[in-house]
Amino acid sequence: MESIWQKNTELPAFPEFKGNRSTDVLIIGGGMTGILTAYLISNSGAECILLEKNRILSGTTSGTTAKITFQHGLIYNKLIRKKGVESAGLYLQAHKSAFEMFENLCKNISCDFEYRDSYIYSLDDREKLEREISACEKIGFNAEYCENIPLPFETAGAVKFSNQAQFNPLKFGGEIAKGLSVYENSFVRDVKGNTAITDSGTVTAKYIIIATHFPFINTHGSYFLKLYQNRSNMIALENAVNLNGIYLDESGKGFSFRNYKNYLIVGGESHRTGKQSKCWNELRDFSKRYYPDSAEYCFWSAQDCMSLDNTAYIGNYSSNTPYLFTASGFNKWGMTGSMLSAMILNDMICGKKNQFAELFSPSRSILKPQLFVNGFEALRNMLTLSAKRCTHLGCALKWNSSEHSWDCACHGSRFDENGHILENPANKDL
């Protein structure tokens, strides 16, 4: 099971880390967030080492739909209601800055970067779309209502953001990684103070950044309460249609669309990791119904960390760990989220004030309704009888017959048939 990016990209290879080293900054995790952060910090003049447990860009980044946009669903009306106009405006500015950084870097990198209009559509709620357009006006952005969009089913319209973008994330990330001090197949098993411990050595650093998708250190930050993980599925179709845009259903229960070269990527079947789903069957039924002349080129899954309040956690791992940082909870918007994380973390480590740091601080209040949902799911699964228990916090594992894996509904860890880790925060095999 390979994503369309993995089938169309050859990545550079890096050695395994061995020995004992010291450095200014250690980054754990070689996805888009880790690589971009290492790139900016290295360009700022600090010595930086990046350790990746497998191959770079082989985890969450390989499964992304790779939409570069600051249209994150119908986010701005939600933010105004929950955090106020000023915070909603800062959220827009932050991700717009990340978008512009991608624009500048992609000018010199062959990564299939293309401008596309972005659409968030609703099947039956025009008022919800109109409220989002009004929210955008309040924060100074001109969004557009579109009555008709070129999807093969009826909608109530869509909110349009012009001149967003898409690209091949592995081509981009592979080029960015060249020249950095990167080590692959170097699994960090533990972090003790300022020292990370791998199977074949240690790295001691002034600052450590946990960029492992889900922060795996449980003694700080309470991420086991602040985050849960969501899985979704994708198929790439040949001989379908060029929709000439990027599209997403506002409810989270429908489909997403974008084209890559001659392929149409259709995503959907979003569900909490560990819960039952139809996996690719719903997507295949959809493609047969609406694109009967198409053929399936490849299929894959993605896993995303979801925060309590629709806003990522970027900054100090906790209020009492000045040497430890993290970035997580991008709520399915990992491209601008990863770039924004790199920009904020680079400024923090270099001692610069970042105007967006407070909004995304991991130490903000966790008293949100989703906290109690996360707590209930964790308690229920801890009390469930099961022969297989997650090595993260001991929750019951459920067999995923579609993907042949043992999945944890508490925090989203996954293991293959033989008990080897597929997804963290678990840091040990079964």
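In what order do the 4 strands of the open sheet run, and is their pairing parallel or antiparallel? I looked this up in a model that is predicted, and I found the order 18-19-20-21 with antiparallel pairing.

**Sheet.** I noted next that strand 18 (397-400) and strand 21 (421-423) stand at the edges with a single partner strand each, so one side of either strand is left without a neighbour in the sheet. From one strand to the next I read a twist that averages 30°. Turning to the edge at strand 21, I saw that strand 20, residues 414-416, pairs with strand 21 in the antiparallel sense over 2 bridges, and that Phe415 stands opposite Ile421 of strand 21.

**Cores.** I then looked up the largest nonpolar core, which has 80 residues, and listed Ile4, Tyr76, Phe167, Phe172, Ile209 and Phe360 as those with the most contacts inside it. Helix 5 (residues 85-106) gives the most to this core, namely 10 residues. I followed Ile209 further and, leaving aside neighbours within four places in sequence, found Ile209 in contact with residues including Val25, Ile27, Ile41, Phe325 and Ile349. I also recorded a second, separate core of 24 residues, which includes Leu51, Val188, Val203 and Ile210.

**Helix pair.** For helix 4 (residues 75-83) and helix 6 (residues 126-138) I noted a packing angle of about 65° and axes 7 Å apart, which makes helix 4 roughly perpendicular to helix 6. The crossing of these two helices is left-handed. I wrote down Ile75, Tyr76, Asn77 and Ile80 as the residues of helix 4 that make the contact, with Arg131, Glu132, Ala135, Cys136 and Lys138 on the side of helix 6. Tyr76 had already appeared in my list for the largest nonpolar core.

Methods:
Residues are numbered from 1 along each chain as its sequence is written. This is a predicted model: local features need pLDDT of at least 70, side-chain atom pairs count only at pLDDT 80 or more; totals for chains, interfaces and linings use all residues. Side-chain values use heavy atoms; hydrogens and water are left out. Two strands pair if DSSP finds at least two bridges between them. Axes are lines fitted to C-alpha atoms, for helices over the stretch in contact, and angles run from 0 to 180 degrees between N-to-C directions. A nonpolar core is a set of buried Ala, Val, Leu, Ile, Met, Phe, Trp, Tyr and Cys residues joined through side-chain atoms within 4.5 Å. Buried means under 20% relative accessible area, exposed over 50%, partly exposed in between (1.4 Å probe, protein chains only). Contact means heavy atoms within 4.5 Å. Angles under 35 degrees count as roughly parallel, over 145 as roughly antiparallel, 65 to 115 as roughly perpendicular and the rest as oblique. A crossing is left-handed if the near helix is turned anticlockwise from the far one by less than a right angle, and right-handed if clockwise.
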